[in-house]
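This briefing sets out the packing, backbone geometry and surface of one protein chain. Please keep the sequence and the coordinates in view while reading.

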Amino acid sequence: MFKDALTRKSGIILITGPTGSGKSTTLYAALKELNREDISIETIEDPIEKHIAGLKQFQVRYAQDKEKSLTFPKLFREILRHDPDVIMVGEIRDLETANQAVIAAQTGHLVLSTLHTQDAIGAIPRLISEGVNPQHLSDALILLQAQRLIGTVCKNCRKVMEKGSKYEKIILAEFWKEGVVYDEKDPIYEAGKCEYCNQTGYDGKQAIFELFPIIDEVREKIALGKNIHEIRKSGPSVGHRTLYQEGLQQVALGITTFGEVFKYRREARFDYRDLLKASQKRLKIVG
């Protein structure tokens, strides 16, 4: 879905998530995918984290004299004069940059950027609240993607969760509720501790993603100023899976633990005790 969005000639692809969630790594991977002789790519970054041959990369600079500063909006205006095919903006931090990204997307440019929101769909109300015209935004957006990094459980010390335990029942109930594909013969792992993983229980990290493509139904809702709950209802019709659902799938595959994934459920202000009560009710329903 992400690679398909990169083939578009114009529009905005937004990657969301907190600092340290791998957004820049994803952006650079996308630029490498697009980097060909017949495609002109220019970037605005603060800072430039990786130099890539074939790209024109511009560094944001701030000076005491505002006239001498090279801000995101100022560099954006300069880049638009070059008429590149692809523009990468390290982060949308203000209304002027957001509006410039929308205008660029509407005038034949593919724009890639990042935004600090908890989930993919949260980018829509965030930009509208900053003053972006909903109709223009609906025309410009192609794909919203949220991401996080989860720890991969250490294979040297991981422990198989006891069958029939309270916590396994909670996890199985969550699998059932969230539509996770799981074979009950497969083990569910808990983190252990060993010298290999420095007593952390995890060895390395892996990204999980939430992708929300802007189909016509979503586009219409954005233009009409519908709230985020109405927009979210279009998710299942486009194969949308939340970060939590994607994380649970990694638990089912034995790649990570439920504890590692549950913290993204907490971002939505869910309490573990409430989850236990709800899971016990669902277990009674399904026997």
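In this predicted model, Leu141 is in contact with Ile12, Leu14, Ile124, Ile214, Arg219 and Ile222, leaving aside its neighbours within four places in sequence. Leu141 also belongs to the largest nonpolar core, where Ile12, Leu14, Leu141 and Leu144 touch the most other members.

**Nonpolar cores**

- The largest nonpolar core has 37 residues.
- Helix H4 (residues 95–106) provides the largest share of this core, namely five residues.
- A second core, separate from the largest, holds 21 residues, among them Ala5, Ala30, Ile52 and Met88.

**A covered helix**

- Helix H10, which runs over residues 243–252, is mostly covered, and ten of its ten residues are buried.
- The buried residues of H10 include the nonpolar side chains Leu243, Leu248 and Val251, and also Gln245, Glu246, Gln249 and Gln250.
- Gly254 follows just after H10 and takes a positive phi of about 80°.

**Backbone geometry in loops**

- The peptide bond from Asp46 to Pro47 is cis, its omega being near 0°.
- Pro47 is found in the loop between strand E2 (41–45) and strand E3 (56–59).
- Asp83 is not a glycine, yet its phi is positive, at about 55°.
- The loop that holds Asp83 lies between helix H3 (72–82) and strand E4 (86–89).
- Asp83 counts as exposed because its relative accessibility is 52%, where the cut-off for exposed is over 50%.
- Gln199, likewise a residue other than glycine, has a positive phi near 65°.
- Gln199 sits in the loop between strand E8 (189–190) and strand E9 (202–213).
- With a relative accessible area of 41%, Gln199 is partly exposed.

**The chain as a whole**

- The chain contains twelve helices and nine strands.
- Its C-alpha trace spans about 65 × 50 × 40 Å along the principal axes.
- Of the 287 residues in the chain, 48% are buried.
- Among contacts with a separation of 6 or more, 69% are between residues 24 or more positions apart.

**Surface and charge**

- The chain exposes about 15100 Å², and carbon and sulfur atoms supply 49% of this area.
- The chain carries 42 positive and 39 negative charges, and the mean positions of the two sets are 5 Å apart.

Conventions
Residues are numbered from 1 along each chain as its sequence is written. This is a predicted model: local features need pLDDT of at least 70, side-chain atom pairs count only at pLDDT 80 or more; totals for chains, interfaces and linings use all residues. Side-chain values use heavy atoms; hydrogens and water are left out. Helices (H or I, at least four residues) and strands (E, at least two) are DSSP runs, numbered from the N terminus. Buried means under 20% relative accessible area, exposed over 50%, partly exposed in between (1.4 Å probe, protein chains only). A nonpolar core is a set of buried Ala, Val, Leu, Ile, Met, Phe, Trp, Tyr and Cys residues joined through side-chain atoms within 4.5 Å. Contact means heavy atoms within 4.5 Å. Accessible areas come from the Shrake-Rupley method with a 1.4 Å probe; for residues, only the protein chains shown count as cover. Lys and Arg count as positive and Asp and Glu as negative; His and the chain ends are not counted. The place of a charge is taken as NZ of Lys, CZ of Arg, CG of Asp or CD of Glu.
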